[in-house]
Amino acid sequence: MSGRGSRPALAVLAAAAVLALAGCGGSDSGSGSGASGSSGAELSVGAAYIPQPVSASMAAGFLTITNEGDADDELTSVTSEAGDVTVHETVDGTMKEVDRLEIPAHGRLVFRSGGNHLMFEKLKRQPKQGESVTVELHFAQSEPVTVEVPVKAATYQPGDGHSAHTGN
């Protein structure tokens, strides 16, 4: 590559493009089994999707974790055979990697375009529309949850009107 700092700039541009093209988490597919631990959290996962990546090595992922239990829990990490996965929080338009995010009792943790999201890096291969990527969500209290995350069109936007929801 040529130019000073072109690789980090390209990575940021690719991530921004993925986030700009993606919609927010909605109610359609993305299957995940529920998990409940001794903590009293009752977790389920839905509305999972990955917009088809514009980069061969990076992708963003979106989903909603619902906690119908009486206790808070925390998402502590995400793993996938597809590549490295980190959890990112967006506050005041600034994205940063975080070690954990709270899932309040009787609440939701929403990952959506422009907000909290999963960042897939060092992809072993670029996932294509129509395929699925398996991820395992790890929690502070509850058992891990495995989710098959469908790859949607790069311009996919869930059609259920939840774009204003920020979780909880």
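Student: Which residues form one aromatic cluster with Tyr-49?
Tutor: This model is predicted. Two aromatic pairs turn up in it. One aromatic cluster takes in Tyr-49 and two partners. Those partners are Phe-62 and Tyr-156.

Student: Is the pair of Tyr-49 and Phe-62 stacked, tilted or edge-to-face?
Tutor: The ring centres lie 5.3 Å apart, and the planes meet at 35°. Stacked needs under 30 degrees and edge-to-face over 60. The angle falls between those limits, so the pair is tilted.

Student: How many residues apart are Tyr-49 and Phe-62?
Tutor: Tyr-49 sits in strand β3, residues 42-51. Phe-62 sits in strand β4, residues 58-67. The pair links distant parts of the chain, with a separation of 13 residues.

Student: What kind of aromatic pair do Tyr-49 and Tyr-156 form?
Tutor: Their centres are 4.9 Å apart, with 70° between the planes. Tyr-49 is in strand β3, while Tyr-156 is in the segment after β12, 107 residues away. An angle over 60 degrees decides the class. The pair is edge-to-face.

Student: Are Tyr-49 and Tyr-156 buried or exposed?
Tutor: The cut-off for buried is under 20% relative accessible area. Phe-62, also in the cluster, is buried. Tyr-49 and Tyr-156 are both buried.

Student: Which residue lies over the face of Tyr-156?
Tutor: A Lys or Arg charge must be within 6 Å of the ring centre to count. Here the distance is 5.0 Å. The residue is Lys-152.

Student: Why does the pair of Glu-74 and Arg-100 tie together parts apart in sequence?
Tutor: The two side chains meet in a salt bridge, N to O at 2.5 Å. Glu-74 lies in strand β5, and Arg-100 lies in the loop between β7 and β8, so the bridge joins separate parts of the chain. Their separation in sequence is 26 residues.

Student: What relative accessible area does Arg-100 have?
Tutor: Glu-74 is partly exposed at 26%. Arg-100 is partly exposed too. The value for Arg-100 is 42%.

Student: Which residue forms a salt bridge with Lys-122?
Tutor: The closest N and O atoms are 3.9 Å apart, and the limit is 4 Å. Lys-122 is in the loop between β10 and β11, and its partner is in strand β6, 38 residues away. Lys-122 is exposed at 64%, whereas the partner is partly exposed at 40%. That partner is Asp-84.

Student: How many salt bridges does the whole structure have?
Tutor: Glu-74 pairs with Arg-100, and Lys-122 with Asp-84. Glu-131 also meets Arg-125, N to O at 3.1 Å. Glu-131 is partly exposed at 27%, while Arg-125 is exposed at 52%. A search of the whole structure gives three.

Student: How many strands does the protein have?
Tutor: The pattern along the sequence starts with α and continues with β. There is one helix. The strand count is 12.

Student: Where is the pLDDT below 50?
Tutor: The mean pLDDT is 80, and 71% of residues reach 70 or more. Where pLDDT is low, predicted coordinates should not be read in detail. Residues 161-168 stay under 50, with 12 contacts beyond four places in sequence. Another such stretch, with 91 contacts beyond near neighbours in sequence, is residues 1-39.

How values were computed
Residues numbered from 1 in each chain as written. Heavy atoms only, no water. Helix = DSSP H or I, 4+ residues; strand = E, 2+ residues; numbered from the N terminus. pLDDT = per-residue confidence, 0-100. Contact = heavy atoms within 4.5 Å. Phe/Tyr/Trp six-rings, centres within 6.5 Å; stacked < 30°, edge-to-face > 60°. Buried < 20%, exposed > 50% of the residue type's maximum accessible area, 1.4 Å probe, protein only. Lys NZ or Arg CZ within 6 Å of the ring centre and 35° of its normal.
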